[in-house]
Amino acid sequence: MTAYIGLHEQYALVSPQTFVDRFTQRWTEEFNMPVSEPLRKLWRIMANTYQQSIIATSQDQPSRWRVLQPPTGSGKTMGAVVYAGLQAELNASVVDGVKPVGVMIVTRLKAQADEVVSQINSYVGRVVAIADHTDHRAAPEQLADSDIVVITHEAYTRAKETLSGVNADRWHRLTNWRGGRRLLTIVDEALANVVKHSQVKLDELSRVIGHITHEMRLTYPTQVEALEALREEMLFQAGVNDGFQIGTALAWEAGQSPATVDLSDLRAVMRRLPYDRIIGKDDDKERDRLAKRYDKTLAAAEELLDQHAFMALKGNEYTLNSSALVVPLELPGPVVLDATAGVDLMYDLMEDRADIIPTPRGVRDYSNVTLHVARTDRIGKTAMEELAAPRFAALQQNLAQRLGPERQLLFVVHKRVEHLVPSADDLGVKVASATHWGAVDGSNEFKDYDTAVIVGLPFRDHVWGTNVFFAFQGVQDDDWHDNPSWKGHVNVRELLQQRHLAASIVQAIGRVRLRKVIDGQGRCAPTDVFIVLPTGERGSEILRYIRQELPNVLVQDWAFEPDGPKVRVKRSGLPHERLITYMENRNPGRTYMNVIGREFSLKPQQRKDLQKLLRDENHGTTLALRSIGVTYGSEGKGRGAKSFLVKAA
């Protein structure tokens with residue numbers, strides 16, 4: 001370990017060689033995995049990058065994002081734990097005149113934050129790290145005394161708000177400690193939700209304005225006039241751009257909106273309106289649901305009026321849209337550990353604010369991974385919901401014929417169809433688990449599974465691509481909307497879509513056992529990945545990016561036709577886990593039993609049996625539903641009675 005002598009101050013720094021040696025020891029002895037020279041070279045690069053970031057921050061150099069792209073299974077999270085532990089050890093032994101170095105680690109999930117804290121403290125042998133998130137708030141004294149603080153992506157992306165004055169004291173407590181400023185921030189995995197998207201739908205805005213009472217108009221005339229001016233502008237834009245189909249058109253640049261206004265007081269009053277009674281109901285949950293829905297529209301309206309805006313047509317609905325970058329690029333010392341940095345266009349859009357650090361060749365070899373590829377049209381969320389039953393029946397038949405009884409499968413699908421995934425009994429395999437887009441990144445739960453199945457991709461629309469580009473590159477003129485080119489790319493919106501999908505896929509298949517190294521060449525145990533990609537050039541480009549991120553992966557055609565001849569398969573009744581998954585992924589409110597019956601193809605007697613079960617408050621399924629805020633209820637009497645499951649907001 002060394003100390004860095006700067007222009008004015010001396011800081012305790014972890015020696016890169018010490019880090020490599022200590023991490024090699026943990027990798028081989030504690031985790032029993034082989035090490036290679038390319039791996040050790042990568043770990044040295046990681047340590048050097050951390051050190052460079054600390055030095056640059058200590059010297060108040062302009063903040064730059066240093067992006068490391070260690071491939072899945074090369075120890076990026078474990079390495080962050082060891083480095084943070086070594087830094088805490090060094091801090092405890094500093095001599096007079098040498099300043100300790102504080103570290104912040106940012107993880108995707110709260111459970112991951114807790115796990116990282118536990119691992120660091122276990123590695124050091126005492127409490128040096130503390131987590132701070134909504135389930136576990138650290139006291140100010142703990143934050144000040146802890147060498148390492150671990151927070152979530154959500155807290156980090158809120159930093160821009162805190163820096164502008166909202167809860168700034170808390171952010172100061174996170175980024176400062178007894179040793180002064182924290183000089184290093186390690187961001188584990190690509191930051192989620194780096195761009196805040198604001199959208200107002202014309203019909204929804206009209207609906208909200210219609211709920212403004214006469215008294216409110218008298219009390220808040222400026223706010224109401226601004227909302228009505230926004231609505232008039234949307235009507236005008238809709239007329240001007242009538243028939244532009246899936247295109248976009250700039251409505252105004254920042255500072256040129258029809259009005260700017262603070263809607264906080266009006267929003268507070270409108271949140272208390274009895275929306276349920278206005279629509280002829282007496283339902284507290286419905287009142288709360290509508291209040292949140294309309295308040296979201298008002299919040300978006302305020303953001304649009306304060307920013308740029310562009311018009312878009314989504315289906316038959318006109319919308320105004322805007323975006324803002326919520327990642328605080330100006331914060332000191334960020335180092336990102338992102339296995340998919342090579343395909344994520346975000347770092348290219350950051351341009352001179354980000355440095356992508358090259359990864360040594362030969363760190364991982366995915367020649368034991370077989371990627372089985374089928375192609376089809378329409379594999380987005382809407383199509384998968386519409387065609388779920390026949391597609392999953394065909395998938396069940398296909399996989400049951402291919403896979404043996406010892407297989408462990410992870411399905412990655414859309415949230416709204418997760419409950420329809422075939423069970424292990426349906427497939428004749430050992431284990432079949434399911435997760436959905438938005439919940440899979442960063443999870444280690446499936447690290448021993450030998451098979452991943454991906455059916456249905458997380459497409460984003462053209463509005464998303466425009467929002468992301470504008471957030472990083474600024475608002476573009478009218479010509480760009482018809483010709484969205486950038487740096488030689490003919491259609492940057494399509495490029496954003498392709499790279500987003502490729503990065504999502506690589507993250508998803510990185511959850512199974514291909515993440516674990518089994519030999520000195522960086523290979524994993526044999527792993528199969530079954531995936532349905534789009535037809536045409538888009539699918540080919542996505543596959544090219546996947547190959548780029550998984551060196552030496554074996555690609556084979558998969559003889560699977562999602563929309564081929566209909567097949568009949570036996571399903572094992574209604575596994576209660578499916579019902580729980582179904583309700584967990586539902587929006588708040590009532591789901592009537594006839595809807596559940598249709599969704600799971602229940603026969604009349606099966607539906608009656610389910611209702612009887614749900615009336616038993618001590619049944620395991622009832623208890624599991626209650627744990628996610630779902631209860632059973634009924635209304636009416638006799639033949640007209642209706643029963644339902646209701647999910648709390």
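A salt bridge is here a side-chain nitrogen of Lys or Arg within 4 Å of a carboxyl oxygen of Asp or Glu. In this structure, which is a predicted model, that rule gives a count of 31 salt bridges, and a few of them serve below as a route through the chain.

One such pair is Arg 578 and Asp 426, whose side chains meet with an N to O distance of 2.6 Å. Arg 578 belongs to helix α23, which covers residues 576-584, while Asp 426 belongs to helix α18, residues 424-427, so the salt bridge ties together parts that are 152 residues apart in sequence. As for cover, residues under 20% relative accessible area are classed as buried; Arg 578 has a relative accessibility of 9% and therefore counts as buried, and Asp 426, at 11%, counts as buried as well.

A second pair is formed by Asp 188 and Lys 76, where the N to O distance is 3.2 Å. Because Asp 188 lies in strand β9 (residues 180-188) and Lys 76 in helix α3 (residues 76-92), this salt bridge ties a strand to a helix across 112 residues of sequence. Both Asp 188 and Lys 76 are buried. Lys 76 and Asp 188 are also joined with Glu 189 into one network, through salt bridges that share partners.

The side chains of Glu 303 and Lys 196 form a further salt bridge, at 2.8 Å from N to O. This pair links distant parts of the chain, with Glu 303 in helix α14 (residues 284-306) and Lys 196 in strand β10 (residues 195-201), 107 residues apart. Here the cover is of another class: Glu 303, with a relative accessibility of 21%, counts as partly exposed, and Lys 196, at 35%, is likewise partly exposed.

From these pairs the reader may turn to a group of like charges, for Glu 253, Asp 477, Asp 478, Asp 479 and Asp 482 form a negative surface patch. Membership in a patch requires over 30% relative accessible area and no salt bridge; Glu 253 has a relative accessible area of 40% and is partly exposed. Glu 253 sits in the loop between β11 (248-252) and α12 (264-270).

A last local detail concerns Ser 58, which is found in helix α2, residues 37-58. A polar atom of the Ser 58 side chain lies 2.7 Å from the backbone oxygen of Ile 55, and Ser 58 itself, at 13% relative accessibility, counts as buried.

Conventions:
Residues are numbered from 1 along each chain as its sequence is written. This is a predicted model: local features need pLDDT of at least 70, side-chain atom pairs count only at pLDDT 80 or more; totals for chains, interfaces and linings use all residues. Side-chain values use heavy atoms; hydrogens and water are left out. Patches are made of residues with over 30% relative accessible area and no salt bridge: like charges are joined within 9 Å, nonpolar side chains (Val, Leu, Ile, Met, Phe, Trp, Tyr) within 5 Å. Accessible areas come from the Shrake-Rupley method with a 1.4 Å probe; for residues, only the protein chains shown count as cover. Lys and Arg count as positive and Asp and Glu as negative; His and the chain ends are not counted. The place of a charge is taken as NZ of Lys, CZ of Arg, CG of Asp or CD of Glu. Helices (H or I, at least four residues) and strands (E, at least two) are DSSP runs, numbered from the N terminus. Buried means under 20% relative accessible area, exposed over 50%, partly exposed in between (1.4 Å probe, protein chains only). A polar contact is a pair of N or O atoms within 3.5 Å; within protein, one must be able to donate a hydrogen and the other to accept it, and residues adjacent in sequence count only if both atoms are side-chain atoms.
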